[in-house]
Amino acid sequence: MREQPIGEAVEHSERAKVIAYHRGDMHAAIDTLLEDIRHLRRQLTLAEGAMSRGMTRGWRPSYDRD
């Protein structure tokens, strides 16, 4: 029997918690996660504006997955 990688086990647990929090309403769960994404993107934009290039040695945040 193949062991399940830790990342997959955590992902399943987190998914179950999100769905349970929204009492099984998948649309509400998706809406909340999308709102979280928008909030984190705004926070990333603010952090990018506040940090200097010297502090990050030229690194720039990415708003999308590579």
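**View 1. A nonpolar patch on the surface of the predicted model.** Four residues form this patch: Met26, Ile30, Leu34 and Ile37. Together they have about 360 Å² of accessible area. One of them, Leu34, is found in helix α2. That helix covers residues 26-50. How exposed is Leu34? Its relative accessible area is 39%. Leu34 is therefore partly exposed, since that class lies between 20% and 50%.

**View 2. Val18 in helix α1 and its contacts.** Helix α1 spans residues 6-21, and Val18 lies in it. Which residues does Val18 touch, leaving aside neighbours within four places in sequence? The contacts are Ala29 and Leu33. Val18 has a relative accessibility of 24%, so this residue counts as partly exposed. The view also takes in Thr32. Val18 and Thr32 are 14 residues apart along the chain. Their C-alpha atoms are separated by 9.1 Å.

**View 3. Glu48, a buried residue in helix α2.** Glu48 lies in helix α2, as does Leu34 of the first view. Why does Glu48 count as buried? Its relative accessible area is 18%, and buried means under 20%. Which residues does Glu48 touch, not counting those up to four places away in sequence? Arg60, Pro61 and Tyr63 are the residues in contact with Glu48.

How values were computed:
Residues are numbered from 1 along each chain as its sequence is written. This is a predicted model: local features need pLDDT of at least 70, side-chain atom pairs count only at pLDDT 80 or more; totals for chains, interfaces and linings use all residues. Side-chain values use heavy atoms; hydrogens and water are left out. Patches are made of residues with over 30% relative accessible area and no salt bridge: like charges are joined within 9 Å, nonpolar side chains (Val, Leu, Ile, Met, Phe, Trp, Tyr) within 5 Å. Accessible areas come from the Shrake-Rupley method with a 1.4 Å probe; for residues, only the protein chains shown count as cover. A salt bridge is a side-chain nitrogen of Lys or Arg within 4 Å of a carboxyl oxygen of Asp or Glu. Helices (H or I, at least four residues) and strands (E, at least two) are DSSP runs, numbered from the N terminus. Buried means under 20% relative accessible area, exposed over 50%, partly exposed in between (1.4 Å probe, protein chains only). Contact means heavy atoms within 4.5 Å.
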